[in-house]
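Me: I have a structure open and want to go through it piece by piece. Can you help me read it?

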Amino acid sequence: MNRIDQLFQNKQKDILSIYFPSGYPKLEDTLPTLQLLQDKGIDLVEIGIPFSDPLADGPVIQTAAKQALDNGMTLQLLFDQLKDARKSITMPLILMGYWNTVYKFGVDAFLAECQKVGIDGVILPDLPLEEYQEEYKAKFETAGVHNVLLVTPQTTDKRLVTIEKAASGFLYMVSTASTTGGALQASKEREDYFKKIAALDIPSLIGFGIHDKASFQHAASFSNGAIIGTAFIKALEKGNTVEFLESLQ
Amino acid sequence: MKIKVCGLKYSKNIKELVQLPIDYAGFIFYPKSPRYVGEEFNAAIPALFPKSTRKVGVFVNEELNVLLAKGEKYKLDAIQLHGGESAEYCQKVKEAGFEVIKAFQMNDNFQFESLNEYEDVCDFFLFDTKTENYGGSGRKFNWEILENYKGSIPFFLSGGIGAQDAEQIKQLSHDKLYALDLNSGFELQPAKKNADQLEIFLNKLELNTMNKDKYAVDERGYYGEFGGAYIPELLRKNVDELQENYLKILASEQFKKDYARLLDNYVGRPTPLTKAGNLSKRYGTNIYLKREDLTHTGAHKINNTIGQILLAKYMGKKRIIAETGAGQHGVATATVCALFGLECIVYMGALDVERQAPNVARMKMLGAKVVPAISGNQTLKDATNEAIRDWIANPESFYLIGSVVGPHPYPDLVTRLQSIISEEIREQLEKETGNPNPNYVIACVGGGSNAAGAFYHYLNEKNVNLVAVEASGLGVESGETAATITIGDIGFIHGSKTMLMQDDDGQITEPYSISAGLDYPGVGPLHAHLAVSGRAQFLSATDEEALNAAKVLAESEGIIPALESAHALAVLEKMQFQKDDVVVLNLSGRGDKDMETYMKKFN
Ligand SMILES: Cc1ncc(COP(=O)(O)O)c(C=O)c1O
């Protein structure tokens, strides 16, 4: 069974997910960071594929991606780094990146590598749903790789129906109209949106703007859990990841 | 014009039809029709048609849940409602994700005002002959009454069309006529179509010449395989809103009037078409310059910003975001924002802010806020990223893009707004030479907006050679270039599938050109399609060649061109013309902004 499905079967509350860019801060840091996250009890990890033009990301992730690229990070190198990861890593793993890098790598080759190293899902924010369904869905399903879809506060009810039907794994619930790393303001409107998504038949995690224990707990109270990205990258940058992860417990 | 064949049922018959250019295949789910598909209809039969043929289910006053279930079972793309269905009913079908075609029965007294309430809830209307039994009469109605239809929804023409009608159909000129609905006129027996007769009829229609839209964008924003809207879900609602509104607004009388008036008395259109006598002598042919350099603000960019600012106004937007490279589009945007009293934020790569100081000063004087983009390499690509990020964070804003790039509908929107260039060329050339068509149209390509505008009305005129000129910087082999079509390959940038400069790992590479307006690693999807299909010839000019061409024009015609336009001029040296050829070169802008570069080179 896909590890993402397994996770949501075994755990419905307070799922803590961390995003970090591969090859950052140092080229060879991908695997040690994964190990640390598992040791600290993180439930689910999203590994960033660095891209030169990350449209949906704020300055912190942009800078980290650029650093990774300057370090020499590539998608092929990421697969190489992950070659033996499954010897010790049991958490579900998701790759998050932009469509151009995957397309250029070749979709078939990409999925074959995902299967080989044990990737459970992908998040490709700029691959449109319609194109995905018509051209790629069958391939992803055959490879057993979930294509995790995003919903946002701007997503209309009509589109939500389409997304819910097409979703697999879980829904990535974007908390607010902003690129990654923005602040999350609590409001009645926001909570209504969280509740609406949480009421769907598919599990959901809230991301964008979750940065500490309090914001995690607040978000997790409306959904199956939440995703922390920018705040963890800042900890990677400062070198206080252990402290940061422990502060979330 | 699209073709719908309706009243299909038999798989053997369909297999004879699949090679014909059929855009819509209709299946009748109304039990009283002689062409009813029946209770046991096999869902694999509609799927015999290729994906490009849309499957339509025809229903008459059906219960909604029954209809939706059939829609799902037979994977229908569109629902044709042929009974007395209400606007609310249509809306529900549309909300379920189907394209809605609402049929109406015509007679001489038909009141087209009764369609008003259906405008927002239908994608198409279908006009059929009035009968007692919901269509299928085999008779035509009086097509003259179509003149009374002034609505904005395109329509299918239906009712008794037969093989003998081809000539009359070719004479129809209603601008909302979208498709022909063919049924009983081409049958051997009910629901069994005569494939040979259909083929002869479709050939007679000469769809290829009628379809002026071979190079037009399709419903999903593709030109051939290029285009689309590859955007994060965060932008979906904004982009959908624009997709839903732009054609309606552009076609409205109010927009047309406002746009024409501003082009006339603010921009200074029509711009002249100047016969360049000395240049013609030099190259042994007849060269005409389309003088976009004489517009207000000094480049074609203003044609687009005037149109988009009107669109923004009609959509109720108050805050305008734009990106700029050389600053020409930034200035053109700041100008129209000042004119309309709207807030204006322009993103400009930090490096370009330094390189293009005079334009930064102009934008500021016009009241715009100029935000230096400090991400990436700090040029146009990064400014565009920042503008899009701003739009994500401020979804109520209007993103006023500067070229035929970005997610659908921007490439089509900007192309339409720039098409005034070739519209004028045709008229002016006809007056001057008696023929609206030249032998060549030449334009430079950064994102491709001035070229798209200069090519637009010639796209389907096979005898007009279209020549696009990219900037090759220090040379295409040098690594310091912006010749996307020459060295790029397929990729995705700023929401569009197109040709792109990238490395083997799919990272977008930084272009180089002396001209900031051509310094872009992608190209509009229309141009990718024109290049790959061979419709346009793509050449390139180096920094050096462009600088020299600027000097030639200045000295021979007394016109100092923009560095971008100088790239188009540079290929005159490389091309072979006949003495009688008519060559139109789009002079996209004037050289004031480039004086510093010219002075460095020539003093
Ligand atoms: C005078 C002039 N010509 C051409 C261009 C290139 O843009 P496009 O290819 O969209 O026409 C620019 C862009 O700034 C320009 O200022």
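Reply: What follows goes through the sheets, the ligand and a few backbone details of this predicted model.

Me: Fine. Start with the barrel in chain B. How many strands does it have, and in what order do they run?

Reply: The barrel has eight strands and is closed. Going round, the order is E1-E2-E3-E4-E5-E6-E7-E8, and the pairing is parallel. On average, neighbouring strands there are turned by 30 degrees against each other, if direction is ignored.

Me: What holds paired strands together in general?

Reply: Strands of a sheet pair through backbone hydrogen bonds, in either a parallel or an antiparallel way.

Me: Give me one pair from the barrel. How many bridges are there between E7 and E8 of chain B?

Reply: Three bridges, in the parallel sense. Strand E7 of chain B covers residues 155-157, and strand E8 of chain B covers residues 177-182.

Me: And which residue stands opposite B:Leu157?

Reply: That is B:Leu180, in E8 of chain B.

Me: Now the other sheet, the open one. What is its strand order?

Reply: The open sheet has six strands in the order E13-E14-E24-E19-E20-E23, also from chain B, and its pairing is mixed. Its edge strands are E13 (273-275) and E23 (536-542) of chain B, each of which pairs on one side only. The average turn between neighbouring strands of this sheet is 25 degrees, direction ignored.

Me: E13 and E14 of chain B: parallel or antiparallel?

Reply: Antiparallel, with three bridges joining E13 to E14, which spans residues 286-291. In that pair, B:Leu273 has B:Lys290 in E14 as its bridge partner.

Me: Change of topic: the ligand. Which residues come nearest?

Reply: There are 18 residues around the ligand, and the nearest are B:Ser403, B:Gly446, B:Gly448, B:Ser449 and B:Ser588.

Me: What about polar contacts to its oxygen atoms?

Reply: B:Gly448 has a polar backbone atom 2.7 Å from an oxygen atom of the ligand. From the side chain of B:His300, an N or O atom is 3.0 Å from a ligand oxygen. For B:Lys301, a polar side-chain atom lies 3.2 Å from an oxygen atom of the ligand.

Me: Is the ligand mostly buried or exposed?

Reply: Buried: taken alone the ligand exposes 390 Å², and the protein buries 97% of that. The space that the ligand takes is the largest cavity.

Me: Last topic, the backbone. Where are the cis peptide bonds?

Reply: One joins B:Arg269 and B:Pro270, with omega about -5 degrees. B:Pro270 sits in the loop between helix H8 (253-267) and strand E13 of chain B. Another cis bond joins B:His408 and B:Pro409, and there omega is about 20 degrees. B:Pro409 belongs to the loop between strand E18 (398-399) and helix H15 (410-418) of chain B.

Me: And what is phi of B:Asn61?

Reply: Phi of B:Asn61 is near 45 degrees, a positive value in a residue other than glycine. B:Asn61 is in the loop between strand E3 (54-59) and helix H2 (64-73) of chain B.

Conventions. Residues numbered from 1 in each chain as written. Chains lettered and ligands numbered in written order. Predicted model: local features only at pLDDT ≥ 70, side-chain atom pairs only at ≥ 80, totals over all residues. Heavy atoms only, no water. Pairing = 2+ DSSP bridges. Helix = DSSP H or I, 4+ residues; strand = E, 2+ residues; numbered from the N terminus. Axes fitted to C-alpha atoms, helices over the stretch in contact; angles between N-to-C directions. Near = heavy atom within 4 Å. Polar contact = N/O pair within 3.5 Å; in protein donor to acceptor, adjacent residues only side chain to side chain. Areas by Shrake-Rupley, 256 points an atom, 1.4 Å probe, with all protein chains shown as cover. 1 Å grid on protein atoms, 1.4 Å probe; cavity = no way out; pocket = protein on both sides within 12 Å on 5 of 7 lines; lining within 4 Å. Sits in = over half its atoms within 2 Å of the grid points.
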